[in-house]
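Work through the exercises below with the coordinates open. Each task is followed by a solution in steps.

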Amino acid sequence: MLSPTPLCLFCALLLCLPLAVIITITSPTTTVHDGSGHNLVPDLDPPPKTQQRFSSKPLPLPLHDDDSLFRVASRVKSKLPPGSPKKIAFLFLTISPLPFAPLWELYFNQTPKDLFNVYVHADPSYPYDPPFSGVFAHRVIPSKPALRFTPTLASAARRLLAHALLHDRSNYMFVLLSASCIPIHSFDFTYKTLTRSKKSFIEILNNEVGSYDRWAARGKDSMLPEVTLENFRIGSQFWSLTRKHAKLVVGDKVIWAKFNQPCVVWDTCYPEENYFPTLIHMRDPRGAVPATLTHVDWNGSFDGHPRMYVESEIGPQLISRLRKDKPRYGDDGTNGSDSPVTKQRRGFPFLFARKFSPESIQPLLRIANAVVFKDEANL
């Protein structure tokens, strides 16, 4: 038998090369996972088909580029993974350390870790000493300065939504909280209230005192034609949004462009209290219960801040009173008194409360298990 010459081997290699290229191009793509089996690449809705036959591998997401972040986040799949439990995404927006972190630690330790996620937007211009730890460790997203009387607080909330959408497809409800917020029910009670709802909880108030001044804060006609005064709404900056509405927020460009303008009258400029209720009212009013589930007391407010509960006020009576108060309901887009929201107004309790002084942490910890996390009645 004759041995193949080098020239014959080289010719055979050239003949096989096209076949190898075809096999490589038509091979299925590989999904990248971390050690726990989670997909590191977010599940996205497929983009519109084009005439391009092949596409190059996408570049890593520039997390500090909000436009790219929102664009990618708006394309995540709307449906939860089959067989996966619904999760609540707790979004903490803060410009300071979290004085109630020990209370939240107790709160989250009541439940399996596969029912919630925590995300923190921490203004990088403030020192955080000691750094975030426990359940808040490594949960800070790429953050930017967030200031009152500017669109930056609303931008921070949108950034939190985008990262939560990209991080976990099982996130079902997205709850915005501040550093001065505390839970006033057990995790189990809160989880059942939120995951049983198919609607967002966001305060949407119409014809409030000062509405025109807020609408015109960027200039007399700067909101037109997209946002008329008739469509302008006011509400608490703290809400619980469904996955559908979270995608709506991060995918919005038209309405956000109006609210993202700098104000010319700063003391009536509250984009964080106007953008979200206005957007939901204009795009999907019937998809929301028009009330916040975060209690706040505006009696005795000062400089635009609500009343702050101090250490001496903390006790079982205060927690009981906060629970018994009823949310204020606004515009649900039905124009009728027989709407499902109207009929169910007594069915939705406050789940969180603010504003508490940092010194309140010790008395709150003392009554946490016996009062704060002990529900008077099961759902």
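**Exercise 1. Salt bridges**

Task: How many salt bridges does the structure hold, and how far apart are the closest N and O atoms of E208 and R328?

Solution.
- The model is a predicted one. It holds 10 salt bridges.
- Take E208 and R328. Their closest N and O atoms are 2.8 Å apart. The cut-off is 4 Å, so the pair counts as a salt bridge.
- Now place the partners. E208 sits in the loop between β5 (200-201) and α6 (211-215). R328 sits in the loop between α10 (316-324) and α11 (340-343). The two are 120 residues apart, so this bridge links distant parts of the chain.
- Check the cover. E208 has 22% relative accessibility and R328 has 46%. Buried needs under 20% and exposed needs over 50%, so both residues count as partly exposed.

**Exercise 2. Two further pairs**

Task: Which parts of the chain does the D284 and K244 salt bridge tie together? Is each partner buried or exposed?

Solution.
- Start with the distance. The closest N and O atoms of D284 and K244 are 3.2 Å apart.
- Locate each end. D284 is in the loop between α9 (271-283) and β7 (288-289), while K244 belongs to helix α7 (residues 243-251). The bridge therefore ties together parts 40 residues apart in sequence.
- Compare the areas with the cut-offs. D284 has a relative accessible area of 17%, so D284 is buried. K244 has 56%, so K244 is exposed.

Task: Repeat the analysis for R307 and D297.

Solution.
- The side chains meet in a salt bridge at 3.3 Å, N to O.
- Both residues lie in the loop between β8 (294-295) and α10, so the bridge ties together parts 10 residues apart in sequence.
- R307 is partly exposed at 25%. D297 is buried at 11%.
- One more item belongs here. D66, K144 and R159 are joined into one network by salt bridges that share partners.

**Exercise 3. The disulfide**

Task: Which cysteines form a disulfide, and what is the hand of the link?

Solution.
- A search of the whole structure gives 1 disulfide.
- C263 and C269 form it, with sulfur atoms 2.0 Å apart. The cut-off is 2.5 Å, so the pair qualifies.
- The angle about the S-S bond is 65°, and the link is right-handed.
- Both C263 and C269 are buried.
- For another residue, look at C181. At 0% relative accessibility, C181 counts as buried.

**Exercise 4. Helix α9**

Task: What span should the 13 residues of α9 have, and what is the distance between its end C-alpha atoms?

Solution.
- Use 1.5 Å a residue. The expected span is 18 Å.
- The end C-alpha atoms are 17 Å apart, which agrees.
- Next, the cover. In α9, 11 of its 13 residues are buried, so the helix is mostly covered.
- The buried residues include Y275, F276, L279 and I280. Among them are also E272, E273 and H281.
- Finally, the neighbours. These buried residues pack against α4 (152-167), α6, α7, α8 (254-259) and β7.

**Exercise 5. Strands**

Task: Which residues lie on each face of β2, and are they buried or exposed?

Solution.
- Strand β2 (residues 116-122) is mostly covered, with 7 of its 7 residues buried.
- One side carries F116, V118, V120 and A122. The other carries N117, Y119 and H121. All are buried, and both faces are covered.
- Add the partner. Strand β1 (residues 87-94) pairs with β2 in the parallel sense over 7 bridges. I88 has F116 as its bridge partner in β2.

Task: Which strands stand at the edges of the β4-β9-β8 sheet, and why?

Solution.
- The sheet is open, has 3 strands in the order β4-β9-β8, and its pairing is mixed.
- β4 (182-183) and β8 each have a single partner strand, so one side of each is left without a neighbour in the sheet. These two are the edges.
- β8 and strand β9 (residues 352-353) run parallel, joined by 2 bridges. T294 has F352 as its bridge partner in β9.

**Exercise 6. Whole chain**

Task: What share of the 379 residues counts as buried?

Solution.
- The chain has 12 helices and 9 strands.
- Of its 379 residues, 48% count as buried.
- The accessible surface comes to about 20100 Å², of which 59% belongs to carbon and sulfur atoms.
- Take contacts between residues at least 6 apart in sequence. Of these, 82% join residues at least 24 apart.

Conventions:
Residues numbered from 1 in each chain as written. Predicted model: local features only at pLDDT ≥ 70, side-chain atom pairs only at ≥ 80, totals over all residues. Heavy atoms only, no water. Helix = DSSP H or I, 4+ residues; strand = E, 2+ residues; numbered from the N terminus. Buried < 20%, exposed > 50% of the residue type's maximum accessible area, 1.4 Å probe, protein only. Expected span 1.5 Å × (residues − 1). Contact = heavy atoms within 4.5 Å. Areas by Shrake-Rupley, 256 points an atom, 1.4 Å probe, with all protein chains shown as cover. Pairing = 2+ DSSP bridges.
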